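Got the viewer open and a hand on the mouse? Let's take a walk through this model, one selection at a time.

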Amino acid sequence: MEQQGGTEGEIQIHDLHAVADYAMRGSATVWQDENGVPCRLVSGINCEPELAVEQMRETQRRFQKTGGTIAYHGYQSFSAGEGPPDVIHKIGVETARRLWGGRYQVLVTTHVDHAEHLHNHFVVCAVSFVDGKKYYRSVKDYYALRQVSDELARQYGFSVLEQTRAKGGAVRDYTPGRMSRRKIVKADVDEAVTQARTEEHFYALLRAKGYALKTTGKDVSVRAPGAQRFLCLERNFGSQYSRQVIRRRILEGRITPQKRLPQRLYCRGSPKKVQRHHGIQALYLRYCFLLGAIPKRRRKSMVRVSPALKADVLKMNRIAAQTQVLCRKQICSKLDLEQCMAELSQRLDALDKQRIVLRRIQRTASASQEGQTQIAVLTGQISRLRRELKLCDEVWHQTEVVQRKVQDEYRQPVSKCRTDRLER
């Protein structure tokens, strides 16, 4: 089970209505039980669900606290196939009761419109109905939410999201295999240190990569392309990134590539039978190569990546999934892509009709466990086909953008720093 903190910030009166309407919308909260009886997964803690907004506003007016942050909106998500929606709703209600039930009004809903992404919504009134004191969410509250959620998940036999323990920074910065802006900045700084000959050369290399710099006293701060704030290198990456240590690393050349021993490789088959890639398939493979998803045989002494391409490194998993679909379906042109999308749509319609028929049978007296199993199998196939269709649709709309980025990457001029280094 995954827990996500509530979004903080002011929610005005009309926004509170909009959030409550979104959380309670009928298309997402109505679920049919085993007997086919529709159930609405909406509950209120210290308030009536249908009158939750009016009762929250009345509490705020009674204590004359109608401005500022008037409510918090949070959610609690679960992995696919964790359990039935009614149990997930029960966990959400119990979570809200333990965390806020003693002092605040809470609206709890469960969304079931996506079978692979069941999740609970919490709309918490920021003003206590007991004494009018306002609720201010802190880091301590986040850990309390996670602790309560984990306890309930283990109680009901659900999985618990294990995260790497880390001091400061975003969790994704410490997650293995997950790329973040901080990791990109650190890699760029390390690369510039290994290539620089002087401190000024180091700064010039970072500017050539699109970074803005601030050097005050013993600290060096950089701002990545597209970012809004500067990052102090020593504060974010440790003592090895202070201005003095960077100077020493440049002079000593501490980070040196290790010499690899020769290795004998064997190849099976004939080179003539190697599959060649063309069209859109080749374009996306080249794009993954530029992003680093496909390892290079030999790393160049200096690799310049455009800021636009660096931003796409954060979307590498999605782009890699699109490339896998193109290679698996042997899609080389937009005509192939259009035919593949049409075929996927036809298969989706056929499977959806079969599932509708089975669901109607299950609502009658001839319902069986075998029918439930067939519905589950069809649901899995439909989910997979929908993912593939969505990936193909993304490729259809992004092909020209990807092509332009790849062309711009190969048209980049050699930087002044690179020219100076070659002249030496």
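Start by selecting helix 7, residues 199-208. This is a predicted model, and in it helix 7 is mostly covered, with seven of its ten residues buried. Want to light them up? Pick E199, H201, F202, Y203, L205, L206 and A208, which are the buried ones. Then step just past the end of the helix to G210, where phi is positive, near 100 degrees.

Now add helix 6, residues 181-195, to your selection. How do the two helices sit relative to each other? Their axes come within 9 Å and cross at roughly 135 degrees, so helix 6 and helix 7 are oblique to each other. The crossing is right-handed.

Show side chains next. On the helix 6 side, select D188, V189, A192, V193 and Q195; they meet H201, F202, L205 and L206 of helix 7. What kinds of residues make up this contact? There are six nonpolar, two polar and one charged. You'll recognise H201, F202, L205 and L206 from the buried set you picked a moment ago. While you're looking at the side chains, here's a handy bit of background: an α-helix has 3.6 residues a turn, so residues three or four places apart point the same way.

Next stop: helix 10 (residues 279-291) and helix 12 (residues 316-328). Their axes also come within 9 Å, and they cross at roughly 150 degrees. That angle is over 145 degrees, so helix 10 is roughly antiparallel to helix 12. Here the crossing is left-handed.

Which residues touch? From helix 10, select I280, Q281, Y284, L285, Y287, C288 and L291; from helix 12, take M316, I319, A320, Q322, T323, L326 and C327. Sort this contact by type and you get eleven nonpolar residues, three polar and no charged.

Two cysteines turned up in that contact, C288 in helix 10 and C327 in helix 12. Zoom in on their sulfurs. Why is there no bond between them? The sulfur of C327 is 8.3 Å from that of C288, its closest cysteine sulfur, and that is too far; a disulfide needs the two sulfur atoms within 2.5 Å. Now select C332: its nearest cysteine sulfur belongs to C327, 8.7 Å away, and C332 is in no disulfide either. The count for the model is zero disulfides. Are these two buried or exposed? C327 counts as partly exposed at 22% relative accessibility, and C332 is partly exposed too, with 26%.

Stay in this area and click on Q330, in the loop between helix 12 and helix 13 (334-362). Its phi is positive, about 55 degrees, even though Q330 is not a glycine. That's worth a pause, since most residues other than glycine have a negative phi. Q330 is partly exposed, with a relative accessible area of 42%.

Then jump to Q64, in the loop between helix 3 (52-62) and strand 5 (71-77). Q64 is another non-glycine with a positive phi of about 55 degrees. Buried or exposed? Q64 is exposed, at 70% relative accessible area.

Finally, zoom out to the whole protein chain. You're looking at 15 helices and ten strands. Of its 424 residues, 38% count as buried. And if you take the contacts with a separation of 6 or more, residues 24 or more positions apart account for 67% of them.

Conventions:
Residues numbered from 1 in each chain as written. Predicted model: local features only at pLDDT ≥ 70, side-chain atom pairs only at ≥ 80, totals over all residues. Heavy atoms only, no water. Buried < 20%, exposed > 50% of the residue type's maximum accessible area, 1.4 Å probe, protein only. Axes fitted to C-alpha atoms, helices over the stretch in contact; angles between N-to-C directions. Helix = DSSP H or I, 4+ residues; strand = E, 2+ residues; numbered from the N terminus. Parallel < 35°, antiparallel > 145°, perpendicular 65-115°, else oblique. Left-handed = near helix turned anticlockwise from the far one by under 90°. Contact = heavy atoms within 4.5 Å. Nonpolar A, V, L, I, M, F, W, Y, C, P; charged D, E, K, R; others polar.
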